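Biologist: I am new to this structure and would like a close look at a single part of it. Please choose one place to begin, and lead me outward from there with care.

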Amino acid sequence: MTDNFRFHLIPASPTDLAAEALAGLRARPKRLPCKLFYDEAGLALFEAICATPEYDLCRNETALLRTQAASIADAVGRGACLVEPGAGGCEKVGLLLDALAPAAYAPLDIAGESLERAAQALAARRPGLRVTACAMDFLADLERIAPLLPDGRRVFFYPGSSIGNFTPEEAIALLARFRRLAGTDGGLLIGFDCKKHPGRISRAYNDEQGLTARFNLNLLGHANRLLDGNFDPGGFAHHAFYEPVEGRIEMHLVSLRDQTVRIAGDEISFPRGETLHTENSYKYLPGEFAALAGAAGWAPAGEWLAEEAAFAVQHFRAA
Ligand SMILES: C[S@@+](CC[C@H](N)C(=O)[O-])C[C@H]1O[C@@H](n2cnc3c(N)ncnc32)[C@H](O)[C@@H]1O
């Protein structure tokens, strides 16, 4: 292990996950938390989705970070401690490191094994960068990282339009938690997908290769393993559509027959045609998002837009 690498495991409570899953499965419509997408297979499928012609979010954001890195660094400031919730393979940060020259980097992810691999490899490539990786559910335990973070001005980096997976109210609450942890001199650099032609949005979640369908169905197998369940993925169909009133993609798994599933010590019935809501992906106009971040205590301090304003990266300072 390199000197500049630290790895912390902040274990989630299995009873909390069971309670959260059962509360969702007893609700109407039924739902499961979207963090269940990310086992090793889910992470690999997500990477493959990013390479499909239909899923332009990733390409748009990557192109922005690559071409605008110097301008982003001028706005964000150099030498900070970058904190990245849901860092995955720590790839996007790699596009900024030369320009941004952070003193430290703290990636957080629920998929602990792949996070450890990716963060350790990054630390080995960048001996001057302190890397403190935390395997954790940041929704449950974000505040527990405070004593683990290296010194320095804290800048939250939250790319990938992951903020779109929360309702606007939940997004404000999460951004306010980032704001409290970042402190009065903190920053936020965030990427989100924008409202555009509904057909284009919808296609991104219905790729021809069927990878998004496999990604959606993979959640059932992961739920089975973590929660002692017996979902049959063959008994459900992927269904994703853009809902323009809410401004969001809704991803569902629709039951193809009457069935009863055993999970987390309970039995849940799915009549044929009933849906299990697995994910939302909200889309924002740049101004809408700035207002939302404002409600969480962040003041706008920079914006970079992809072609046709299809995707935005915005920078905020503590208000
Ligand atoms: C859609 S991927 C995005 C990865 C990367 N940020 C990017 O933009 O390419 C979402 C990542 O967030 C992680 N994740 C999702 N929910 C999480 C949670 N509650 N706590 C920690 N990590 C989470 C997943 O494991 C996955 O690596």
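Modeller: Let us begin with Phe156, whose bridge partner in β7 is Leu188. The model we are looking at is a predicted one, and this pair is a convenient way into it. Phe156 belongs to strand β6, which covers residues 154-158 and is joined to β7 by four bridges, the two strands running parallel.

The partner strand, β7, spans residues 187-193, and seven of its seven residues are buried, so the strand is largely enclosed by the rest of the structure. Its residues can be sorted by the direction in which they point: Gly187, Leu189, Gly191 and Asp193 point one way, while Leu188, Ile190 and Phe192 point the other way, and all of them are buried. The general pattern behind this sorting is that side chains in a regular strand alternate between the two faces of the sheet. Leu188, the bridge partner of Phe156, is thus in the group with Ile190 and Phe192.

If we now follow the chain beyond β6, we come to Ser161, which is placed in the loop between β6 and α8, the latter covering residues 168-182. Ser161 is counted as buried because its relative accessible area is 6%, and the cut-off for that word is under 20%. Leaving out residues up to four places away in sequence, Ser161 touches Gly191, Phe192 and Asp193, and also Leu57 and Phe311. Of these, Gly191 and Asp193 point one way from β7 and Phe192 points the other way.

For a contrast in exposure, consider Arg130, which is found in strand β5, residues 130-135. Arg130 has a relative accessible area of 48% and is therefore described as partly exposed, since that class lies between the 20% and 50% cut-offs. Apart from neighbours within four places in sequence, Arg130 is in contact with Asn4, Ala103, Ala104, Tyr105 and Pro150. Among these, Ala104 is 26 residues away from Arg130 in sequence, yet the two C-alpha atoms are 4.5 Å apart in space.

A further part to trace is an open sheet of four strands with mixed pairing, whose order is β2-β12-β9-β8. Its edge strands, each pairing on one side only, are β2 at residues 30-31 and β8 at residues 236-243. Strand β8 runs antiparallel to β9, residues 248-255, and eight bridges join the two. Within this pairing, Phe236 has Ser255 of β9 as its bridge partner, and Tyr242 stands opposite Ile249 in β9. The two strands form a hairpin with four residues between them, and in the turn Gly247 has a positive phi of about 70 degrees.

Finally, we can turn to the ligand, which is surrounded by 17 residues, the closest being Tyr38, Gly86, Lys92, Asp109 and Asp137. By class, this shell holds nine nonpolar, three polar and five charged residues, and α2 (40-50) and α7 (138-141) each supply at least two of its members. A polar backbone atom of Gly86 is 2.8 Å from a nitrogen atom of the ligand, and an N or O atom in the side chain of Lys92 is 2.8 Å from one of the ligand's oxygen atoms. Ile110 also takes part, with a backbone N or O atom 3.0 Å from a nitrogen atom of the ligand. Of the 600 Å² of accessible area that the ligand has on its own, the protein covers 90%.

Methods. Residues numbered from 1 in each chain as written. Predicted model: local features only at pLDDT ≥ 70, side-chain atom pairs only at ≥ 80, totals over all residues. Heavy atoms only, no water. Near = heavy atom within 4 Å. Polar contact = N/O pair within 3.5 Å; in protein donor to acceptor, adjacent residues only side chain to side chain. Areas by Shrake-Rupley, 256 points an atom, 1.4 Å probe, with all protein chains shown as cover. Nonpolar A, V, L, I, M, F, W, Y, C, P; charged D, E, K, R; others polar. Pairing = 2+ DSSP bridges. Buried < 20%, exposed > 50% of the residue type's maximum accessible area, 1.4 Å probe, protein only. Contact = heavy atoms within 4.5 Å.
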